[in-house]
Amino acid sequence: MTFTVAIVGRPNVGKSTLFNRLVGKRLALVDDRPGVTRDRREGEGRLGHLSFRVIDTAGLEEAKVESLEGRMRAQTEAAIDDADVLLFLIDAKAGVTPSDQIFAHLARRSGKHTILVANKAEARGSEGGTLDAYALGLGDPVELSAEHGDGMGDLVRALAEVVPDDGDEMDLDNEGGRRIRVAVLGRPNAGKSTLINSLLGEDRLLTGPEAGITRDSIAVDVERHGVELRVFDTAGMRKRARIDDKLEKLSVADGLRAARFAEVVVVLMDATHPFEEQDLRIADLVEREGRAVVLAISKADLVKDQPGFVTRMREEADHSLPQVKGAPVVLVSGLTGEGLDRLVRAIAQAHEVWNRRVATNPLNRWLGETTDQHPPPAVSGRRIKLRYITQPKARPPSFVLFCSRADAVPESYVRYLVNNLRTSFDLPGVPIRLTLREKDNPYAEKE
């Protein structure tokens with residue numbers, strides 16, 4: 001199925017930068033000055049497993065019909081009419097402006113599927129602008145950086161949800177449910193390809209005792225006990241300082257890209273040398289990307305004579321990786337097939353937790369009980385008031401806490417709240433995002 005995506009928004013929010021990234025070429029001129037783009041520009045875009053026609057448009061401006069700006073707007077409206085999906089861009093750094101409000105109304109009135117994109121999300125202070133975007137009434141904003149390529153995995157998932165395809169590239173199973181996208185990451189020679197071959201029941205991927213056999217990220221479809229997966233094998237990841245071969249650098253970059261587009265990442269460790277520094281670096285990278293984590297200990301056949309091994313590994317995981325505390329730890333063997341069913345169940349469970357939403361009422365009851373037991377410390381003799389909490393998005397679970405003096409809340413107290421959220425609402429093994437935001441005081445003096 002071919003579909004058309006139009007990138008719309010006010011001037012200078014990064015539409016042409018996103019267009020260039022989607023088409024993989026610098027087709028559109030990019031400059032800090034607003035109004036560089038005037039005509040519609042079209043190209044063949046590709047994002048993850050999706051291919052589509054993409055249209056770059058001029059920045060939407062209110063103007064008389066006969067003026068240059070008015071004719072530019074007419075071109076943009078024609079692109080909207082031609083599109084199946086609109087990517088409505090705002091500048092997360094600048095926040096929502098009156099122009100954004102006006103043209104969000106235009107997008108809603110078009111009746112087209114609209115994905116709200118908060119661009120420039122890498123900038124300091126962009127969180128406030130992203131949260132303000134909910135007021136546009138266009139659903140959850142997708143945070144990304146078109147310039148740096150961050151957040152493109154979230155964009156491809158948002159596109160896949162509004163443009164379902166009946167083809168294999170959309171990761172659909174025969175009954176219309178979407179496959180869980182799983183990336184397997186680990187150090188070289190940890191047994192990633194052997195594990196995936198064992199899941200498939202055939203020698204689909206090249207394996208051997210030599211480290212570094214896998215170069216490209218290879219996707220294979222796996223079905224086990226009713227769970228549909230698309231699994232990406234990746235190149236082994238060594239410490240950056242040890243990589244001097246250009247091809248290996250490209251292979252590792254391809255693996256990182258697979259992790260960004262995945263929903264669940266299996267971090268595979270060698271049972272004979274688990275939780276080495278590079279294993280922890282990989283797991284931390286996955287957490288920063290916001291993906292659900294499953295820790296798999298491979299080569300179980302080599303440690304089967306060690307009683308209590310799995311218990312020790314779970315304790316070590318919680319100690320070394322507190323940012324994904326409770327992540328499932330599964331002992332597996334690609335050689336014998338041990339633990340594969342447990343691994344698939346752990347992936348399905350992690351995916352469910354990653355998508356979990358908590359209603360606002362229980363969240364605020366939790367906030368009241370938690371702050372009664374352990375109130376936030378006074379800073380400079382002044383109390384910090386925690387007023388209200390809500391969950392604006394999942395994948396991963398993300399919460400916004402409205403409070404007074406957000407910048408004064410100690411980091412240790414934020415960690416306390418995150419850990420309490422994890423245990424109270426059963427959110428093991430997934431990153432939890434907690435954003436503190438000050439609620440404006442309407443009685444404060446205005447300058």
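The protein has 12 helices and 15 strands, taken as DSSP runs numbered from the N terminus (H or I over at least four residues for a helix, E over at least two for a strand). This is a predicted model, in which local features need pLDDT of at least 70 and side-chain atom pairs count only at pLDDT 80 or more, while totals for chains, interfaces and linings use all residues. Residues are numbered from 1 along each chain as its sequence is written, and side-chain values use heavy atoms, with hydrogens and water left out. Of the 447 residues, 51% count as buried; buried means under 20% relative accessible area, exposed over 50%, and partly exposed in between (1.4 Å probe, protein chains only).

**Contacts and core**

- Among contacts with a separation of 6 or more, 69% are between residues 24 or more positions apart; a contact means heavy atoms within 4.5 Å.
- The largest nonpolar core has 51 residues, where such a core is a set of buried Ala, Val, Leu, Ile, Met, Phe, Trp, Tyr and Cys residues joined through side-chain atoms within 4.5 Å.
- Helix 10 (residues 340-354) gives this core its largest share, eight residues.
- The residues with the most contacts inside the core are L229, L343 and I347.
- Leaving aside residues up to four places away in sequence, L343 touches L195, V266, V294, A296, V330 and V332.

**Helix 9**

- Helix 9 (residues 309-320) has 12 residues, which should span 16 Å at 1.5 Å a residue, and its end C-alpha atoms are indeed 16 Å apart; the expected span is 1.5 Å times one less than the number of residues.
- F309, M313 and A317 are buried in this helix.
- These buried residues cover an arc of only 75 degrees around the axis, which puts them on the same side of helix 9; the arc is that of the directions from the helix axis to the C-beta atoms.
- Strand 11 (292-298) and strand 12 (329-331) are what the buried residues of helix 9 pack against.
- E315 and H319, on the other side of helix 9, are exposed.

**The surroundings of E263**

- E263 sits in the loop between helix 7 (246-261) and strand 10 (264-270).
- With a relative accessible area of 1%, E263 is buried.
- Not counting residues up to four places away in sequence, the residues that E263 touches include R157, R178, R291, W354 and R395.
- The side chains of E263 and H351 are joined by a polar contact of 3.5 Å; a polar contact is a pair of N or O atoms within 3.5 Å, where within protein one must be able to donate a hydrogen and the other to accept it, and residues adjacent in sequence count only if both atoms are side-chain atoms.
- E263 also forms a salt bridge with R395, with the closest N and O atoms 3.1 Å apart.
- This pair links distant parts of the chain, 132 residues apart, with R395 in the loop between strand 13 (386-393) and strand 14 (398-403).
- Like E263, R395 is buried.

**Other salt bridges**

- The count comes to 20 salt bridges, each being a side-chain nitrogen of Lys or Arg within 4 Å of a carboxyl oxygen of Asp or Glu.
- R357 and D140 meet through their side chains in a salt bridge (2.8 Å, N to O).
- R357 lies in the loop between helix 10 and helix 11 (360-373) and D140 in the loop between helix 4 (126-132) and strand 6 (142-143), so this pair ties together parts that are 217 residues apart in sequence.
- R357 is partly exposed at 47% relative accessibility, and D140 is partly exposed at 36%.
- Another salt bridge is formed by E287 and R433, whose closest N and O atoms are 3.0 Å apart.
- E287 belongs to helix 8 (residues 277-288) and R433 to strand 15 (residues 433-438), so the parts tied together are 146 residues apart in sequence.
- E287 counts as buried at 11% relative accessibility, whereas R433 is partly exposed at 27%.
- A network of salt bridges links R179, D221, E228 and R230.

**Backbone details**

- Most residues other than glycine have a negative phi, and most peptide bonds are trans.
- A cis peptide bond, with omega about 0 degrees, joins R395 and P396.
- P396 lies in the loop between strand 13 and strand 14.
- K120 has a positive phi, near 65 degrees, and is found in the loop between strand 5 (113-119) and helix 4.
- R405 has a positive phi as well, near 55 degrees.
- R405 lies in the loop between strand 14 and helix 12 (411-424) and counts as buried at 16% relative accessibility.
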